Every structure is written in C-alpha cells, then in structure tokens.
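Student: I should like to learn how to read individual features in a model of this kind. May we go through them in turn?

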Amino acid sequence: MKKILRVQHVIMLMMIFCVASSAQSQINLNDKLPVDPNVRIGKLSNGLMYYIRKNAKPEKKVELRLVVNAGSILEDNDQQGLAHFNEHMAFNGTTHFKKNELVSYLQSLGIEFGAD
C-alpha cells in the first residue's frame with residue numbers, strides 16, 4: 001500500500017512539474033518574430049517595403065515575392081473567400097493581358113510558377 005501511495009505521489013509531482021514548466025514556457029503571441037540579421041530591410045518613397053537577403057544557391061537566380069497585407073486571415077466572416085477569388089481573377093485577364101496571357105508572358109521572362 002505504501003509503494004502505491006509513493007508511486008501516486010511521484011506521478012502527481014511529475015504532473016505538477018510539467019504543468020508548472022509549460023506555464024513558464026508560454027509563447028507571447030504579441031511578440032514580433034525575430035528577423036534574420038542578414039536581411040536588409042528598407043522602405044521606398046512610395047511606402048513599399050523591401051527585404052533583401054543574399055543566397056548563393058541556386059546561382060544566377062533571384063526569387064521575388066509580393067507580400068500584401070491582405071488575405072483570408074484578415075477577412076471578416078462575411079468576406080470569407082474574397083481574397084482567394086481576387087487571386088484567381090488577377091490571372092483571368094487585365095487591361096493589358098487577355099485571359100492566361102499574363103502567366104505566359106511572365107513565363108517567357110523565365111519566371112516559374114509553383115505551389116508556393
């Protein structure tokens with residue numbers, strides 16, 4: 001009986017330790033994400049921000065990403081799906097490019113489209 005009580009005490013102490021240690025290691029979601037010190041950050045006169053980081057591989061390649069402060073995560077419940085719809089409509093034709101011509105034009109410049 002004493003051994004059972006000792007095992008139960010040990011288990012209880014372990015549980016208390018786990019709860020206490022996990023409470024101390026909580027992540028503050030309001031903290032800013034750290035930025036790689038090798039990233040150069042700047043802002044153009046028109047307000048456009050840029051981030052530049054040199055990568056040696058692949059050689060003679062550059063990767064560009066357009067980051068827009070918009071998207072599904074910022075939509076209200078009555079707007080769900082609007083950002084995704086706009087994303088598809090951007091490649092469905094514009095003033096200067098007929099349907100699917102924009103993708104073909106960008107690919108002719110060497111730009112590759114992928115899952116990202």
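The dialogue below takes up strand pairing, side-chain contacts, the surface and the backbone.

Tutor: Please bear in mind throughout that this is a predicted model.

Student: Let us begin with the strands. How many bridges join β1 to β2?

Tutor: There are four bridges, and the two strands run antiparallel. One facing pair is I41 and Y51, the latter in β2. The strands make a hairpin in which five residues separate β1 from β2. Within the turn, G47 has a positive phi of about 95°.

Student: Which side chains meet in a salt bridge?

Tutor: The structure holds one salt bridge. The partners are D36 and R53, with an N to O distance of 2.7 Å. This pair links distant parts of the chain, 17 residues apart: D36 belongs to the loop between α1 (2-24) and β1 (40-43), and R53 to the loop between β2 (49-52) and α2 (82-90).

Student: Why is D36 classed as partly exposed?

Tutor: The class lies between the buried limit of 20% and the exposed limit of 50%. D36 is partly exposed because its relative accessible area is 30%. R53, at 39%, is likewise partly exposed.

Student: How should the aromatic pair be read, and what is its geometry?

Tutor: Planes under 30 degrees apart count as stacked and those over 60 as edge-to-face, so the remaining pairs are called tilted. The structure holds one aromatic pair. F97 and Y105 form this tilted pair, with 5.4 Å from centre to centre and 40° between the planes. F97 counts as partly exposed because its relative accessibility is 24%; Y105, at 41%, is also partly exposed.

Student: Which residues make the nonpolar surface patch?

Tutor: Y105 appears again here, together with F91, L109, I111 and F113, in a patch of about 470 Å². I111 is located in the segment after α3 (101-108), and its relative accessibility of 39% makes I111 partly exposed.

Student: What should one look for in the backbone?

Tutor: Most residues other than glycine have a negative phi, and most peptide bonds are trans. Against that background, two places in the loop between β2 and α2 deserve attention, P58 and K60. The peptide bond from K57 to P58 is cis, with omega near -5°. K60 is not a glycine, yet has a positive phi of about 55°.

Student: Is K60 buried or exposed?

Tutor: K60 is exposed, because its relative accessible area is 86%, and the cut-off for that class is over 50%.

Key. Residues numbered from 1 in each chain as written. Predicted model: local features only at pLDDT ≥ 70, side-chain atom pairs only at ≥ 80, totals over all residues. Heavy atoms only, no water. Phe/Tyr/Trp six-rings, centres within 6.5 Å; stacked < 30°, edge-to-face > 60°. Buried < 20%, exposed > 50% of the residue type's maximum accessible area, 1.4 Å probe, protein only. Salt bridge = Lys/Arg side-chain N within 4 Å of Asp/Glu carboxyl O. Pairing = 2+ DSSP bridges. Patch = residues over 30% accessible without salt bridge, like charges linked within 9 Å, V, L, I, M, F, W, Y side chains within 5 Å. Areas by Shrake-Rupley, 256 points an atom, 1.4 Å probe, with all protein chains shown as cover.
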